[in-house]
Structure formats: C-alpha cells, structure tokens
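Here is a short tour for anyone meeting this protein for the first time. Have a look at the model, then read on.

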Amino acid sequence: MSQLALPLKLQDHAVFESFLPAGNETLVAYLSSLATSQGEPGCWLFGAKATGKSHLLQAVCERVGDRAQYVPIAQFSAGGAAILDGLGNRPFVCLDDIDRIAGNAEWELALFQLFNVLADNQHTVICAAQVPPRECGFRLADLASRCARLATFQVTTLGEAQRIDALRLRARHRGLELPDETASFLLSRSRRDMQSLYELLDRLDSESLRAKRRLTVPFVREVLGLSQADSA
C-alpha cells in the first residue's frame, strides 16, 4: 500500500469484509463498485463520530491498492496543506475529516486546487466529515460548490443488536470467537460507541493471547477489573 512521506499506514482491520453494512447497505455497495471503477468523480460521506467513516475510506484504499491514497486530515492539519501536493496524480484520493479545516484559507485553496486536478485527470475523490458539504462552513465558495456536487451519503449509527453483530464480525475477522453473551457483557460494561468497543476488543485479543484463554464473560470481567483498578 502506498504511503505519504509521513508515518501513515492503513489499519489492517479496515476492510470491507470486517464492516457490518446494516443500515448502510447502499453506501457499502456503492463504495465497493466505486473501488473497481475508473473516472468516477467520487462521493461525500457524513455521520457522527465513530460510525465507521474512516473504516470505509481505508477499505476503499485497501481494495484499490497502490493507486489510492488515504489522508487523515485531522492528523496533519497543523502541519500545513503541503501534504496534498502531488495527490492529484493518484486515481483515488480519500480525504478523512475534511470538515476539520473549514475556514482555513490555506487548506481550502489547496483542496480546491487538488479537486481541480483530480477532475481534470478524471480521478476519484472520496471525502468524509461529520456534516454534509453545505454545512461544513467552507469560506471558499468554489470549494463549497465542488463538494456540494459530490454524491452524498449519510453513515447511519448501529443499533444495540447490530453493535453486537459488528463486534462478533470484527472478532471473527481477527480469528477470535466472541460468544453472544460476552459481546452483550461488553456492551453493558463499556462505552457504547463502536470505536471504544473495538479498542476494548483489541485489548481483549492481546490479553487472551497472553493468558491463553478464551473470551468468556469471567475472563472479560477479570480484564475489566484490572483496568478499573489501574485507573482508580
């Protein structure tokens, strides 16, 4: 996978196969199709924090391969917009947290110029934000106009039962067995957003490997008890 000249790589779990599409079936099908297409303008994803937007952008890049570049703008916004230089030559560019630089004249101009080059080259841009394009607050009218012309999809939040399914899917992707009762226990004993749940699953994976134990409720209770004691 291609990388910027910065410490950046895709997360190994961020693939289409580990994303539960419940409520987002149309979007996932569209992105899967887009990843095998050429010359499409792209789209804009928006939704609340930890709904899977970053996962989907990286899944597109994983599917496309070296022709794609994932850019987590929030991670590099303080370093200046020069990070975008040369990206117009990439057939697929995925810009995460694009709303984080709204109102920054340097970034907005650089993004507008990048969009122009991508359009001229018939390349694809996929953007992710917490709000739709017209609510981003871009001050550069031409940039706002370009973004507003992209196909727009809302990434919906999973319900409680779907969160259990998503946890079990992620666990299977990692080669873990996560019983329903253990997944339900996790949901009742931790923050309920998927990012927090996935982070906890990562920790449980490491702890189960170290202890050579399965992800049973008693084992999870032990891990959570240690975590609570450490933070007390």
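## A loop with an unusual residue

Let's start with Q122, which sits in the loop linking helix 4 (105-120) to strand 4 (124-129). Keep in mind that you're looking at a predicted model. Q122 isn't a glycine, yet its phi is positive, at about 55 degrees. Is Q122 buried or exposed? With a relative accessibility of 57%, Q122 falls in the exposed class, because the cut-off for that is over 50%.

## Another positive phi

A50 is also worth a look: it has a positive phi of about 65 degrees and, again, it is not a glycine. You'll find A50 in the loop that runs between strand 1 (42-46) and helix 2 (53-64). The relative accessible area of A50 is 23%, so this residue counts as partly exposed.

## Two buried residues and their company

Follow the chain into helix 2 and you reach Q58. How does Q58 count, as buried or exposed? Q58 has just 4% relative accessibility, and buried means under 20%, so Q58 is buried. Setting aside neighbours within four places in sequence, Q58 is in contact with L10, Q11, A14 and Y70.

Now go back along the chain to H13, in the segment before helix 1 (25-34). H13 has a relative accessibility of 13%, so H13 is buried as well. Which residues does H13 touch, if you don't count those up to four places away in sequence? They are S18, H55, R170 and H173. For a sense of distance, try H13 and P132: they are 119 residues apart along the chain, and their C-alpha atoms are separated by 26 Å.

## Where two helices cross

Next, find helix 6 (residues 160-173) and helix 8 (residues 194-211). Their axes come within 11 Å of each other, and they cross at roughly 35 degrees. If you're wondering about the handedness, this crossing is right-handed.

Which residues make the contact? On the helix 6 side they are R163, A166, L167, R170 and A171, while helix 8 brings in M194, L197, Y198 and L201. Sorted by class, that gives 7 nonpolar residues, 2 charged ones and no polar ones. You may recognise R170 here, since R170 is also one of the residues that H13 touches.

## Stepping back

Time for the whole picture. How many helices and strands does the protein have? There are 9 helices and 5 strands. Read from the N terminus, their order is α-β-α-β-α-β-α-β-α-β-α-α-α-α. The protein has a radius of gyration of 19 Å, which is close to the 17 Å that the globule rule gives for 232 residues, so it is as compact as a globular protein of that length. Lined up along the principal axes, the C-alpha atoms fill a box of roughly 60 × 35 × 30 Å.

What about the inside and the outside? Of the 232 residues, 49% count as buried. The accessible surface comes to about 11,600 Å², and carbon and sulfur atoms account for 47% of that. One last number concerns how the chain meets itself: among contacts with a separation of 6 or more, 74% are between residues 24 or more positions apart.

Conventions: Residues are numbered from 1 along each chain as its sequence is written. This is a predicted model: local features need pLDDT of at least 70, side-chain atom pairs count only at pLDDT 80 or more; totals for chains, interfaces and linings use all residues. Side-chain values use heavy atoms; hydrogens and water are left out. Axes are lines fitted to C-alpha atoms, for helices over the stretch in contact, and angles run from 0 to 180 degrees between N-to-C directions. Helices (H or I, at least four residues) and strands (E, at least two) are DSSP runs, numbered from the N terminus. A crossing is left-handed if the near helix is turned anticlockwise from the far one by less than a right angle, and right-handed if clockwise. Contact means heavy atoms within 4.5 Å. Ala, Val, Leu, Ile, Met, Phe, Trp, Tyr, Cys and Pro count as nonpolar, Asp, Glu, Lys and Arg as charged, and the others, Gly among them, as polar. The radius of gyration is taken over C-alpha atoms; the globule rule is 2.2 Å times the number of residues to the power 0.38. Buried means under 20% relative accessible area, exposed over 50%, partly exposed in between (1.4 Å probe, protein chains only). Accessible areas come from the Shrake-Rupley method with a 1.4 Å probe; for residues, only the protein chains shown count as cover.
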